[in-house]
Amino acid sequence: MLPLKDNVPTRSFPVVTLGLIVANVLVYLWEISAPGLEAHVYSWGYYPCAVEGPCIGPAIRHHDLVETVFSSMFMHGGIVHIAGNMLFLWIFGNNVEDALGHVRFLVWYLLAGIAATATQPFVTLDLGTVADH
């Protein structure tokens, strides 16, 4: 059973949470538009090989590292992926936004995305196999 809401009241409308959900959904709609999800992920997704190249295969034509750090924060690999992420952002994001305030929550969200992206090369390149690179 999936939760659809929590019972923690908030003091203010979660404008940043709602804005992030809208941004993620708009990016997903762009992702599934022509030429398609896979092509957009290859081009705008984050690749650890960008840190310690060279990138091979379809990832060879990806955008610059800094661009993909931010673009990958809003990209999703399928409908279940975005639905699950947006559900939990809706349920818990409003409480975090209420506790931190709108601006600090947005900064926290972006810094958390950067931290996750910075961790990916270590996990993939140091703990993964050659096939994962």
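Let us start with L18, which is located in helix α1. In this predicted model, L18 has a relative accessibility of 33% and therefore counts as partly exposed, since that class lies between the buried limit of 20% and the exposed limit of 50%. L18 also belongs to a nonpolar patch on the surface, together with F13, V15, V22, V25, L26, L29, I32 and W90. The accessible area of these residues together is about 800 Å². Which element gives the most to this patch? That is helix α1, residues 15–31, with 6 residues.

Allow me to place this helix in the whole chain. The protein chain contains 5 helices and 0 strands, and from the N terminus on the order of its elements reads α-α-α-α-α. There are 133 residues, of which 33% count as buried. The C-alpha trace spans about 50 × 30 × 30 Å along its principal axes. The accessible surface of the chain amounts to about 8,400 Å², and carbon and sulfur atoms account for 70% of that surface. If we take the contacts between residues at least 6 apart in sequence, 70% of them join residues at least 24 apart.

I turn now to the neighbour of α1 in sequence. Two packed helices are described by the angle between their axes and the distance between the axes. The axes of α1 and helix α2, which covers residues 37–44, come within 8 Å and cross at roughly 115°. α1 is therefore roughly perpendicular to α2. Which residues meet here? From α1 there are Y28, W30 and E31, and from α2 there are L37, H40, V41 and W44. The loop between α1 and α2 holds P35. The peptide bond from A34 to P35 is cis, and its omega is near 5°.

Next, the charged side chains. Side chains of opposite charge can pair when their charged atoms come close. How many salt bridges are counted in this model? The count comes to 1. The salt bridge joins the side chains of R11 and D98, at 3.5 Å from N to O. This pair links distant parts of the chain, as R11 sits in the segment before α1 and D98 in helix α4, residues 79–100, with their positions 87 residues apart in the numbering. Are the two partners buried or exposed? R11 has a relative accessibility of 69% and so counts as exposed, whereas D98 is buried, with a relative accessible area of 14%.

Helix α4 also contains N95. At 17% relative accessibility, N95 falls under the 20% limit and therefore counts as buried. Apart from neighbours within four places in sequence, N95 is in contact with D6, V8 and T10.

My last residue is Y46, in the loop between α2 and α3, the latter being residues 65–71. Y46 has a relative accessible area of 15%, so Y46 is buried. What does Y46 touch, leaving aside its neighbours within four places in sequence? The contacts are V51, L65, T68, V69, S72, T117, Q120 and P121. In addition, the C-alpha atoms of Y46 and S71 are separated by 7.9 Å, although these residues are 25 apart along the chain.

To close, I return to two points. Helix α1 gives the most residues to the nonpolar patch, and the R11–D98 salt bridge links the segment before α1 with helix α4.

How values were computed: Residues are numbered from 1 along each chain as its sequence is written. This is a predicted model: local features need pLDDT of at least 70, side-chain atom pairs count only at pLDDT 80 or more; totals for chains, interfaces and linings use all residues. Side-chain values use heavy atoms; hydrogens and water are left out. Patches are made of residues with over 30% relative accessible area and no salt bridge: like charges are joined within 9 Å, nonpolar side chains (Val, Leu, Ile, Met, Phe, Trp, Tyr) within 5 Å. Accessible areas come from the Shrake-Rupley method with a 1.4 Å probe; for residues, only the protein chains shown count as cover. A salt bridge is a side-chain nitrogen of Lys or Arg within 4 Å of a carboxyl oxygen of Asp or Glu. Helices (H or I, at least four residues) and strands (E, at least two) are DSSP runs, numbered from the N terminus. Buried means under 20% relative accessible area, exposed over 50%, partly exposed in between (1.4 Å probe, protein chains only). Axes are lines fitted to C-alpha atoms, for helices over the stretch in contact, and angles run from 0 to 180 degrees between N-to-C directions. Angles under 35 degrees count as roughly parallel, over 145 as roughly antiparallel, 65 to 115 as roughly perpendicular and the rest as oblique. Contact means heavy atoms within 4.5 Å.
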